[in-house]
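User: I have a model open and I want to test the words people use for it. Can we go through them one by one?

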Amino acid sequence: MDKLLIRGGVPLHGKVSISGAKNASLPILAATLLAPGEHRIANLPELVDTSFMLSLLGRIGCASLVGKDVRIDASRIAYCEAPYDIVRKMRASVLVLGPLLARCGEAHVSLPGGCAIGVRPVDQHLKGLEALGCRFELEGGYVHGKVDRLRGAEVDFDMVTVTGTENVLMAAVLAEGTTVLRNAAREPEVIDLGQFLIGMGAKIQGLGTSTLVIEGVPALRASPKPYSILPDRIEAGTYLVAGAITGGDVTIEGVRPDDLQPTLHVLGQAGCDIEVDESSVRLRRSGPICAVDVDTQPHPGFPTDMQAQVMALLCLAEGTSHIRENIFENRFMHVSELLRLGARIDIAGNLATVYGQPMLKGATVMATDLRASASLVLGGLAAEGTTEVLRLYHLDRGYERLEEKLGALGARVARGSEGRVPAAFAAAS
Ligand code: UD1
């Protein structure tokens, strides 16, 4: 199994270009199921999760061709099923539920079950789709859905759910009549999906607000133009923290700074100098890291997907920070591993108290989810000595060419595997 070796203590310098957003790619790939024909998608990141979604589409019957643009032929749906062996590896597979019901009138999707960051039920997805006329049965670990005709309806989500909003939106675009989604997610990735759907002929108003009004259309068509996925604000934020935690000077390129505002605000409070341009952000830190209190919230609040990375930074602050995780009940799995690097953190319910330390020390660490692993890499970049981050596959799910991009910023990182240490690390250890 691959691991990442990091020799810490080098301030990162330079420019890094940001890839397409994982969390926009997954719903957009699922949305290709809504219209026959060939879909072309540009800026799709090469990640384990996007290849899982492409293989799920393949199982359903849609061939894809990966090149500069990814081409997906959704002319034929052979099976309306997302099987357990794919869903258990990537819970976002549930995003095919709405599109399959809309296109075929039936769908069989394995229940995602629990995951490392909490229970993550899909009741809101089902509630919204039921309002549009779908009927569900749970059997053998699968959700079996059927619908004769989708009809527009009013849906009030009980909480803000990103993939829940996306699933119901993708069904509503082909429903008869008007659908109103209240308490809808406002994340940039939901807007990106909405724009992709509009490019296929969908009628959607209110993207970026908490009320979406969807006028159903009888059919959608694959757009002849390639659709370019928006830049990944979480990957972008992670590289900014890499600059901040090492006291470096990092410019992220090809981003939408507006989408990064909540993260930029916290990094500014932490003592970083930030310069924002049209599509790039430069971060420098020469002074101490200041303690900050952070509260995760749905967009436009501070993203839960940046919580672990910012916690790594605050481990080195002057003073005590408080981080409240409001989205997921069990998203502090990185804390016990940060402690192994010498951090001091207390947890009480959903509140983490981070007592800043003057330094971290390299260790072998292992995380159970994607962003938790990212926080350990960041800790390792700042730590004295060598850090080994095990289970690198978590990072491969969400960070394209991670070691290459970090290496280009001057980080001393290398991919190794159990029993094999890269030469540069073996020589000095
Ligand atoms: C998406 C993102 C994930 C991010 C999260 C929150 C993708 C592929 N993943 O996950 O990276 O961390 O948004 O920004 O886009 N909930 C329910 N019932 C439901 C749905 C959600 O109780 O039917 C709860 C969840 O358990 C959680 C909260 O609502 O506590 C928000 O979850 P949600 O926004 O749905 O997260 P995901 O869409 O799974």
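User: Which residues of α4 are buried?

Analyst: This is a predicted model, so keep that in mind throughout. The buried residues of α4 are Leu97, Gly98, Pro99, Leu100, Leu101 and Ala102.

User: What makes α4 (residues 97-104) mostly covered?

Analyst: Count against the cut-off. A residue is buried if its relative accessible area is under 20%. In α4, 6 of the 8 residues pass that test. Hence the helix is mostly covered. After α4 comes Gly105, with a positive phi near 80 degrees.

User: Why is helix α10 (residues 307-314) called largely enclosed?

Analyst: Use the cut-off of under 20% again. In α10, 8 of the 8 residues are buried, so the rest of the structure largely encloses the helix. The residues are Gln307, Ala308, Gln309, Val310, Met311, Ala312, Leu313 and Leu314.

User: Which residues make up the covered face of strand β5 (residues 70-73), and which the uncovered one?

Analyst: Val70 and Ile72 form the covered face. Arg71 and Asp73 form the uncovered face.

User: How do you know that β5 pairs with strand β3 (residues 38-42)?

Analyst: Pairing needs at least two bridges. β3 and β5 have 4, in the antiparallel sense. They pass. One facing couple is His39 and Ile72 of β5.

User: What joins strand β4 (residues 63-66) to β5?

Analyst: Here too there are 4 bridges, and the strands run antiparallel. The threshold is at least two bridges, and β4 and β5 meet that with 4. Ser64 has Ile72 of β5 as its bridge partner. β4 and β5 also form a hairpin, with 3 residues between them.

User: How do you know that strand β17 (residues 280-284) pairs with strand β15 (residues 249-253)?

Analyst: Count the bridges again. There are 5 between β15 and β17, which run antiparallel. At least two are needed. So the pair qualifies by definition. Ile252 stands opposite Val281 in β17.

User: What links strand β16 (residues 273-276) to β17?

Analyst: β16 and β17 pair antiparallel over 4 bridges. In one of them, Ile274 has Leu283 of β17 as its partner. A hairpin through 3 residues joins β16 to β17.

User: Now the ligand. Which residues come nearest to the ligand?

Analyst: There are 19 residues around the ligand. Gln124, Thr161, Thr163, Asp305 and Ile327 come nearest.

User: What makes the approach of Asp305 to the ligand a polar contact?

Analyst: The cut-off is a pair of N or O atoms within 3.5 Å. A polar side-chain atom of Asp305 lies 2.6 Å from an oxygen atom of the ligand. That fits. Ile327 offers a polar backbone atom, 2.6 Å from a ligand oxygen. Val162 has a backbone N or O atom 2.8 Å from an oxygen atom of the ligand.

User: How much of the ligand does the protein cover?

Analyst: On its own, the ligand has 740 Å² of accessible area, and the protein covers 87% of that.

User: Which elements give two or more residues to the shell around the ligand?

Analyst: They are α5 (123-131) and α6 (162-172). α5 gives the most, with 3 residues.

User: What kinds of residue make up the shell around the ligand?

Analyst: The shell divides into 8 nonpolar, 6 polar and 5 charged residues.

User: Why is the ligand said to lie between domain 1 and domain 2?

Analyst: Look at who contributes. Domain 1 (2-17 + 231-427) gives residues to the shell, and so does domain 2 (26-225). Both take part, so the ligand lies between them.

Terms used: Residues are numbered from 1 along each chain as its sequence is written. This is a predicted model: local features need pLDDT of at least 70, side-chain atom pairs count only at pLDDT 80 or more; totals for chains, interfaces and linings use all residues. Side-chain values use heavy atoms; hydrogens and water are left out. A residue is near a molecule or strand if one of its heavy atoms lies within 4 Å of it. A polar contact is a pair of N or O atoms within 3.5 Å; within protein, one must be able to donate a hydrogen and the other to accept it, and residues adjacent in sequence count only if both atoms are side-chain atoms. Accessible areas come from the Shrake-Rupley method with a 1.4 Å probe; for residues, only the protein chains shown count as cover. Ala, Val, Leu, Ile, Met, Phe, Trp, Tyr, Cys and Pro count as nonpolar, Asp, Glu, Lys and Arg as charged, and the others, Gly among them, as polar. Domain bounds come from an automatic or database domain assignment. Buried means under 20% relative accessible area, exposed over 50%, partly exposed in between (1.4 Å probe, protein chains only).
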